[in-house]
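Hello,

Here is the structure I promised to pass on. Please open it alongside this note, and my findings follow below.

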Amino acid sequence: MESQAVEPQNYEDVQKSGYLRKHKSMHRRFFVLRAASEHGPARLEYYENEKKFRSKSPVPKKVLNLETCFNINKRADSKNKHMIVLYTRSESFAIAADSEEVQNEWYQAMLDLQCNCKT
């Protein structure tokens, strides 16, 4: 019986990755921003932690397709000064960065990918 080779995890489409916080729960999660490729559209994924992302067959806790986002904004509230909110028809999804610099890096990367989706 032949054993099937497991395809190694592909990181070529990863534009940015790192820890951010979910706005509602404030849980720290590992986020991955992927460009459009043969593996799927441009999207934001998050995992419980980096170890789960780097496992042999990672399954994201959530995937947000950037093509479906009609708006991406920077925002602040009483709990978080450095938030990014992605708006789709069905939901708004907010993430919080630890600093303005990190917020700006993620925000610009998301906008760049979103613009590429629409062209």
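β6 (83-87) and β7 (92-96) each supply at least two residues of the lining of the largest pocket. Keep in mind that this is a predicted model. β7 gives the most to that lining, with three residues. The full lining is K22, H23, K24, R75, V85, Y87, S92, F93 and A94. Sorted by class, the lining has four nonpolar, two polar and three charged residues. The space in the largest pocket comes to about 170 Å³.

Now to strand β3, residues 43-47. Is β3 enclosed by the rest of the structure or open? Five of its five residues are buried, so β3 is largely enclosed by the rest of the structure. Buried here means under 20% relative accessible area. The side chains split by direction. R43, E45 and Y47 point one way from β3. L44 and Y46 point the other way. Both sets are buried.

Which strands pair with β3? One is β2 (residues 28-34), which runs antiparallel to β3 and is joined to it by five bridges. In that pairing, F31 stands opposite Y46 of β3. Another is β4 (residues 62-65), which pairs with β3 over four bridges, also in the antiparallel sense. There, L44 of β3 stands opposite L64 in β4.

To find these spots in the viewer, start with F93 and A94 for the pocket lining. Then go to L44 and Y46, which point the same way from β3.

Best wishes

Conventions
Residues are numbered from 1 along each chain as its sequence is written. This is a predicted model: local features need pLDDT of at least 70, side-chain atom pairs count only at pLDDT 80 or more; totals for chains, interfaces and linings use all residues. Side-chain values use heavy atoms; hydrogens and water are left out. On a 1 Å grid over the protein atoms alone, a cavity is a set of points where a 1.4 Å probe fits but cannot get out, and a pocket is an open set with protein on both sides within 12 Å along at least five of seven lines; lining residues have an atom within 4 Å of a point. Grid points are joined across faces, edges and corners, and a volume is the space filled by probe spheres set on the points. Ala, Val, Leu, Ile, Met, Phe, Trp, Tyr, Cys and Pro count as nonpolar, Asp, Glu, Lys and Arg as charged, and the others, Gly among them, as polar. Buried means under 20% relative accessible area, exposed over 50%, partly exposed in between (1.4 Å probe, protein chains only). Two strands pair if DSSP finds at least two bridges between them.
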